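I opened my notebook for a first walk through a new structure. Come along and look with me.

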Amino acid sequence: MGSSFLVSGGIDMYYSDEQIQNAKDYDLISYLREEGYNLKKHGHEFNLNGDKSLVVFNNSTWHEFNGKMFFSNERNNSVSGGNTLDFLIYYENKSFREAMARLVGGVQSYARKPTYIKRHEQKIQQLILPNKSCDNRKAVSYLQKRGMDIDIIGRCIEQGIIYQSSYSDKNSGKTYDNVTFVGLDKTATPKYASSRSLWGQYRVDAEGSNKYYGFLLAGYDNAKTVCVFEAPIEAISLASLYKHYGLDYMKAHRLSLGCVHDGALEVFLKNHPEISQIGFRLNNDGAGYAATIKYIEKYMNNYEISYTLPILNDWNDTLKKVKGIACKDFSPHGECAKGGGSGLCLYSNPQHLIDHALVTDGNATHRMVICNGDFSSLETYINEFKQKNKSGIDIIIDCTGKGYGEKLKKQFNDLAVIEYDISKDIDIEVKKKKRNKADICR
């Protein structure tokens with residue numbers, strides 16, 4: 001059995017793989033309550049301290065959706081969520097030793113789950129699918145109004161992975177119409193269901209949902225590529241864009257993660273050994289950037305990789321823009337992937353941010369997208385970072401190629417500012433890593 005080595009007070013201390021797994025599987029909900037965190041329940045998930053961006057969606061898994069990604073040189077990893085051990089390390093900023101001592105070393109401890117098995121194989125409670133409505137007319141209309149192709153919608157309804165559902169509020173007695181997206185296992189048994197309101201912001205995962213089985217818009221049986229999205233609507237939206245431009249969207253499978261955690265991708269790849277290519281199609285924001293960087297590094301040695309970011313915030317907004325439907329004309333000002341150092345790199349293009357992070361130490365610096373020379377979000381970020389940390393940002397590295405150096409020096413005269421040309425780094429090193437550049441038609 002492998003082990004992780006630590007030195008404590010001059011005494012050699014070893015944590016076995018089993019002890020580390022015990023720490024990962026401690027009951028997170030119990031831990032949070034005992035530590036005094038304020039948990040607010042939404043459906044079958046919990047928000048932490050009233051922050052809707054940080055969600056605990058089962059007893060040992062949490063996820064942060066707001067783009068605040070935690071990087072660290074020492075841990076050589078980027079996370080936007082994880083297990084109970086991850087929470088203590090990345091969210092509470094404990095060292096590995098402190099976290100392990102807290103969970104298995106005995107200052108206090110919480111009863112762990114009796115038996116560990118891989119989460120996607122756990123015998124969790126049975127999935128309770130939302131009630132089906134008598135027809136799907138409202139759901140179809142809702143998806144069409146968001147620009148999605150009627151033939152693709154119809155195909156999903158035929159396969160039972162989209163349907164109109166209803167939800168009755170026990171307090172008000174009102175009934176609400178939703179569209180429900182279903183994730184199946186390899187035997188076509190429903191394992192996951194997510195519903196969103198046709199009229200408002202309500203969205204919830206069904207009781208007993210297992211996020212390791214994501215919504216899948218399957219391609220041809222012989223397809224060797226899987227494209228990965230954050231949400232079912234994004235997967236359908238890009239497929240609709242392909243069809244709009246006369247491209248064959250069936251050449252690739254399209255998988256929704258239900259967030260940016262890659263558990264559903266891991267299970268899909270295990271069940272589909274024929275897959276040789278992965279296309280990351282996550283959202284154009286801080287969470288999407290950091291997750292794309294993380295997963296390219298994770299999967300690039302075993303799969304051919306491509307990535308493409310939507311021109312707007314997500315693929316549905318991009319689809320609506322193309323079709324002339326009103327949408328949020330989002331521009332990613334100030335979307336920042338946090339780093340462990342005191343430097344901050346600026347980019348004019350989020351794809352440059354990801355490319356450069358992949359060929360340099362992606363964890364060593366903060367990285368931010370700046371649009372049209374607007375530094376207001378940069379100033380806000382620098383001030384907030386200084387307030388929350390013992391030391392602030394010391395150096396700004398202009399990687400935009402726009403010649404902002406002098407303007408930056410005037411506005412941030414107490415910081416060092418340098419300009420850096422990233423083109424050689426990207427052109428040479430990306431070839432060395434045998435990565436594919438962004439290709440929307442893959």
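**Entry 1: a charged pair of side chains**

I am working with a predicted model. I started at Lys138 and looked up its exposure: Lys138 is partly exposed, as its relative accessible area is 42%. To call it buried I would have needed a value under 20%.

Next I asked which residue forms a salt bridge with Lys138. I found Asp177, with 3.0 Å between the closest N and O atoms. This pair links distant parts of the chain, since Lys138 sits in helix α5 (residues 137–145) and Asp177 in strand β12 (residues 175–184), 39 residues apart. I then checked the other partner: Asp177 is buried, with a relative accessible area of 14%.

I added a reminder for myself: side chains of opposite charge can pair when their charged atoms come close.

**Entry 2: further salt bridges**

How many salt bridges does a search of the whole structure find? I noted nine.

One that I looked up joins the side chains of Lys211 and Asp205, at 3.0 Å from N to O. Lys211 counts as buried because its relative accessibility is 14%, and Asp205 counts as buried too, at 10%.

Another is formed by Lys409 and Glu406, at 3.7 Å from N to O. Both residues belong to helix α13 (residues 405–411), and they are three residues apart, so about one helical turn separates them. Lys409 is partly exposed at 40% relative accessible area, while Glu406 counts as exposed at 52%. I also wrote down a network: Asp149, Asp151 and Lys243 are joined into one by salt bridges that share partners.

**Entry 3: a serine in a helix**

I moved on to Ser237, which lies in helix α7 (residues 232–244). Is Ser237 buried or exposed? Ser237 is buried, because its relative accessible area is 0%.

I then looked up what surrounds this residue. Leaving aside residues up to four places away in sequence, Ser237 touches Met148, Trp315, Asn316 and Leu319. With Asn316 there is also a polar contact between the side chains, at 3.0 Å.

**Entry 4: the strand after that helix**

Helix α7 led me to a right-handed β-α-β unit, made by β16, α7 and β17. I wanted to know how covered strand β17 (residues 252–256) is, and I found five of its five residues buried. Ala252, Arg254 and Ser256 point one way from β17, and His253 and Leu255 point the other way. That fits a general habit: in a regular strand the side chains alternate between the two faces of the sheet.

Which strands pair with β17? Strand β16 (residues 225–229) pairs with β17 in the parallel sense, over five bridges, and there Cys227 stands opposite Arg254. Strand β15 (residues 216–217) runs antiparallel to β17 and is joined to it by two bridges. Leu216 has Leu255 as its bridge partner in β17.

**Entry 5: a cysteine in a loop**

My last stop was Cys399, in the loop between β23 (395–398) and α13. Cys399 is buried, with a relative accessible area of 5%.

How far apart in space are Cys399 and Cys345? I read 6.3 Å from C-alpha to C-alpha, although the two are 54 residues apart in sequence. Cys345 is one of the residues that Cys399 touches, and others include Leu346, Tyr347, His356, Tyr420 and Ile422, with residues up to four places away in sequence not counted.

Conventions. Residues numbered from 1 in each chain as written. Predicted model: local features only at pLDDT ≥ 70, side-chain atom pairs only at ≥ 80, totals over all residues. Heavy atoms only, no water. Helix = DSSP H or I, 4+ residues; strand = E, 2+ residues; numbered from the N terminus. Buried < 20%, exposed > 50% of the residue type's maximum accessible area, 1.4 Å probe, protein only. Polar contact = N/O pair within 3.5 Å; in protein donor to acceptor, adjacent residues only side chain to side chain. Contact = heavy atoms within 4.5 Å. Salt bridge = Lys/Arg side-chain N within 4 Å of Asp/Glu carboxyl O. Pairing = 2+ DSSP bridges. Right-handed = clockwise from strand over helix to strand, strands pointing away.
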